[in-house]
Each structure stands twice: as C-alpha cells, then as structure tokens.
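Q: Please take a close look at a single residue and at the surroundings in which it sits.

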Amino acid sequence: MDPLTLYDANLGSRLLLGTARYPSPAVLGEAVRASGCEIVTVSLRREAGGGRSGESFWALIRDLGVKALPNTAGCRTAKEAVATAQMAREVFATDWIKLEVIGEEDTLQPDVFGLVDAARALVSEGFCVFPYTTDDLVVAERLLDAGCRVLMPWAAPIGSGRGVNNAFALRALRAHFPDTPLVVDAGLGAPSHATAVMELGYDAVLLNTAVARAGDPVGMARAFRLAVEAGRAGWRAQPMTPRDMAEPSTPTIDRPFDQNA
Amino acid sequence: MIRARVIGAGVAGLCAAWALARAGVEVELVETAAAVGAGCSRYAGGMIAPWCELENAEPLVACLGGEALDFWSRELAVATIAGSLVVAPARETAELTDFARRTKNFCRLDADGIAALEPDLAGRFPRALYFPAEAHLDPRQALSALDARLASLPNVARRFGVNADALPPAPDWTIDCRGFSARGALPGLRGVKGEMLLLRSDDIRLSRPVRLLHPRRPAYIVPRGDGLFMIGATMIENEERARVTARSIVELVNSAFTLHPAFGEAEIVETGSDVRPAFVDNLPRLTLRGRTLFINGLYRHGFLLAPALAARAARIVCDGVDFPELTNAHSGERAFA
C-alpha cells in the first residue's frame, strides 16, 4: 500500500479532479468514477450568487461520494478568499479549503502576497489550507510558515495544458520539502505530463480542463488515472540514472574493453 | 377529439400547442403571465445552430435540432438562414482548433473569406469557421408569431393570466411545459443561470450570429436588426433568476468589444437574467406520468429543441408512440441517483 496523507485524510488515489467546464454534471460524475479520484475541487464564489442559490449543483457534488475540496477561485484579495472559505465551510461541512488568490485576471497567476496573508488568516481559524501557488521556493517557505501542510504549485498557467514549464523549479521544491505533500495544480494537458510530475516525486496531481475539455472526458479521466499510477510506480521503483553513452545490456565479450573507451 | 391542456407559454409550450393543434387535438393553452414569453425563452439567443452546439452538447441535440431549422425558417418563416460564424481572438486559436474537432458541417475561412461575409469584421480575425446551413431568429418575434398562428386556429383556446393549479383537472391530457417552475414535480431538474445583454449600435452591421471563443468567457453576438445586438450568455451553476451581476456585464461587454471596438460606444438597451431548466445530463426529457406529459430540460437549447420535442409529444398523445431516447432516463441520471 502506498497511501497519500493530506491533512487528516489517507487516500488511495493520487489524482484530484476539478468540477468545472464538463459538458454536463452527468459526464462529470462518470469522469470522477473513471478517474478513481477521492477528492474533487468545487468553486463557490460565483455560483453562490446572492446566497445559497448554487445549492442544486453543490448537492450534485456532494452526491458524487468523494471528498469535496472547496476552492476560492475568482477571489482577488485575501479578504474575499477568507470570506469565501468561511462560506465553503458551511456549505460542504469541511475545514479543507483550496486557496486561490488571483493576482492577474488574464493569466490567472496567483497573487502570492495575498495568498500568504489569506493562508495565515485561515489557518488561525482552523482551516486546512491547500494553497495554489507558483513554483517559487521562498513563497513555499512562507506558506509553510503560515501553517499550510500541503503545497500546490503550478506546472504551467491554469488551463494552458502545456505540461511542466520549469522542471528545475519543481525539482528544487521537491528537494527542499521532502516531507511536505506536494500536489501539482494547473497547467497539465496530456496524461504524459502527469506521469512526468509523478516521476519527479510529486505526491499527487490536480486536473480540470485537461479532462473536462477533452473530446471524451471519461476516457481522458481513465487515461490520467493510469498515467498517475504509472508515474508514481516508476518513481517508487527508482528509475535508472541516465548516461551519456550507450550501455549494452548484453556484454560484448568478443571485443576488448579498450576499443570501447 | 382528444383534448389537451398545455401549461406554459414559453417556446416549449407554444410549440407543443402548435404540434398538437395541427394533429387535430383540441388545445387549451394556459399561462400564468399576461402574455407569451414571460419566462426564460425571451432571453434566448435564438440561434438555430445544431452543428455549432455539438461543441458542448451530445449528438442527440444536433439530431433533434436539425428539425428546428425547417420549422422556424419554413413552417413559421421567422428565422433567417445566414449561417453562423465562429472566431477566436489571436491568442486563443487553440479554441478554434478544438471547436472544429467537436463540430461538423462547417467550412474554414481566411481573413478574406470573413471580410466577404461580414465586411465590418474585415481584418479583425485571421481565420474563422463558417456553418452555412444554420439560422437565427428573434425569440420575442418568434414567440409572438407562434402565438398569433395559434390564435387563428379554431381548436386552440389561449388563456393568459391563469394559474393552472386553480383549474379543474384537464379533460384528457396535460402537457406540462413550465420549465424551471416544474421543478417541484421533476426531481433532478436544476437551473443554470444565464445573463444576456442587448446593445444598440449603428456603427456596425452583422448578417449572422458570431461566436467568439474564449476558454473562460465564450460569448455570441446575434444581430436582431435595427442596430440591435444580443450578447450572450453566461453559464453559471446557480438558480437565482433575476439578478444581473456587474462581473457578467463586464464580461459580455468585453466580448462584444473584442469582436468589434465600435461596441464600446453602443447603447445598453436591456440586461436580462434567468435560469435554464436542465437535467443532470443537460439533455431534454419527455416524462410521461399517466396522462401528464412533461416537456422539460431544454437547457440552453429551447428554440433548437422545442419543435422536435413538440412533434414527438403530439405522436405520444395521438398515436401512443414511445421515444425511448427521450423518455428513458439517460445513463448519467441513473449513475447519479
């Protein structure tokens, strides 16, 4: 067994799914099942409208039978994010919150300053904070100082489907925080991207657009499940170190060594 | 003669009344509002675009929607077949590629091709998709036209300002077309909020609906004549009916402005907000309970789906025909139950 521990939860699946932009809630439900995921994220800010009028959709999410991780998507200030988290706690009866504080409307890049402020405030209110952040090492330090016990760095900007933009930075984060669960959030497009981040030793991946906007979301959810499992299994099995020279797997006994040198 | 009471005078109810009346049924159309189109139908885009809708809808929608082209453009003669144009801002060309992958019956246009179709868009987009066989209509005009045709039929009685709950039971059949208002009777029906905007500008002319693709804020602009343009529509999983938010208006105006900067000086004539009735699979449903038939779940495809659903409702009432693809719950609903 190779369970993933995020705050108080032990999970068998290392794939988290977002719930936006599917063709229908029914397709979302099938994709969630095909992915094997045990956590789905759900946004509240805009859906809340003038009160609890998002309730029908939230009820569908609760009925998926997986843990809901509400997010603060669309929030631009720490204050907004804190208020949204408080509402989310009521709606989904959970202390978990995926914290997003958006600094730039066009690229949806996190405002890491507001993010740290909001994380501190939420931790003091007893929330388990999952911060959506960049791959910046110092920001990661600050988030841990603020009380976050999980980090969710991006691989590339939200919805871009580019895969890992900066493998060096993701490796550095992994090396600096060997004991903190690291979940890549945002920017993955193809299953191979998920395998790649799992091979870097990341603990899990969170996807939305890559599945929701695939031609066949359910088929893509299944593909990502396998890709995440493959990457994790590969990382645990300790891949060989790459070499610059060919290394015959069968000894070439008919030739003296010095000819190969 | 079979008698049927149709409840609700939105696009679903009016089409049902028409199909039943044409099939020889004696129809009583009952509506709580004082006139037709008081519900979400009045805010529709009015695009009869079965193939564009494949972008995010299942093939059944395109299949049923094909029947609407003939109904609105020939039988009712309120729709114009001038095609649909689909464009994307320069940095979102991946959206155009995805759109083409999901849809059919289009041709690809370059900048010259766009300019030939819509001279006012010349030089604004390098490429587009053109769906020549699609149509558009003005929903309010179409609802009024359909109502007028119903008024001229001897076997149709239209009763406005009447609550069906207060009436004695219907004689033979009840056709419930109340949309989101039927929610108490139809478990699993939810509302999906949509907001729209009506702009007036004399500085730009369009001959057909234009869809502007964007990963987070897709929008469409439908010309309504006399310098009027309908900009729609937001899609929010939320059931508040009449509340237009500033953010949504910013997004819709921004889309119009992206299509053509002249919209920046356009007059805001109207804003509107309501919810679309939808089932969990976002597919329409004919729900038969005894002699009550619910036509519901038309989601964002009211004008596209109502004629085909009405025709099938008439076959159910008159001939007892079954339509399993519409009357059985889609597998998605079972999965959620």
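Where is the place of B:Arg102 in chain B?

A: This is a predicted model, in which local features need pLDDT of at least 70 and side-chain atom pairs count only at pLDDT 80 or more, whereas totals for chains, interfaces and linings use all residues. Residues are numbered from 1 along each chain as its sequence is written, chains are lettered from A in the order in which they are written, and side-chain values use heavy atoms, with hydrogens and water left out.

B:Arg102 lies in helix α3 of chain B, residues 93-102, a helix being a DSSP run of H or I of at least four residues, numbered from the N terminus. B:Arg102 is buried, that is, under 20% relative accessible area with a 1.4 Å probe and protein chains only. B:Arg102 nevertheless has no salt bridge, a term that requires a side-chain nitrogen of Lys or Arg within 4 Å of a carboxyl oxygen of Asp or Glu; the nearest side chain of opposite charge, B:Glu55, is 4.8 Å away.

Leaving aside residues up to four places away in sequence, B:Arg102 touches B:Leu54 and B:Glu55 as well as A:Arg213, A:Ala214 and A:Gly215 of the other chain, contact meaning heavy atoms within 4.5 Å. Two of these neighbours, A:Arg213 and B:Glu55, meet through their side chains in a salt bridge of 2.6 Å, N to O, and across the interface of chain A and chain B the rule finds 1 salt bridge. In that interface, 27 residues of chain A are in contact with 27 residues of chain B.

How values were computed
Helix = DSSP H or I, 4+ residues; strand = E, 2+ residues; numbered from the N terminus. Buried < 20%, exposed > 50% of the residue type's maximum accessible area, 1.4 Å probe, protein only. Lys, Arg positive; Asp, Glu negative; His and termini not counted.
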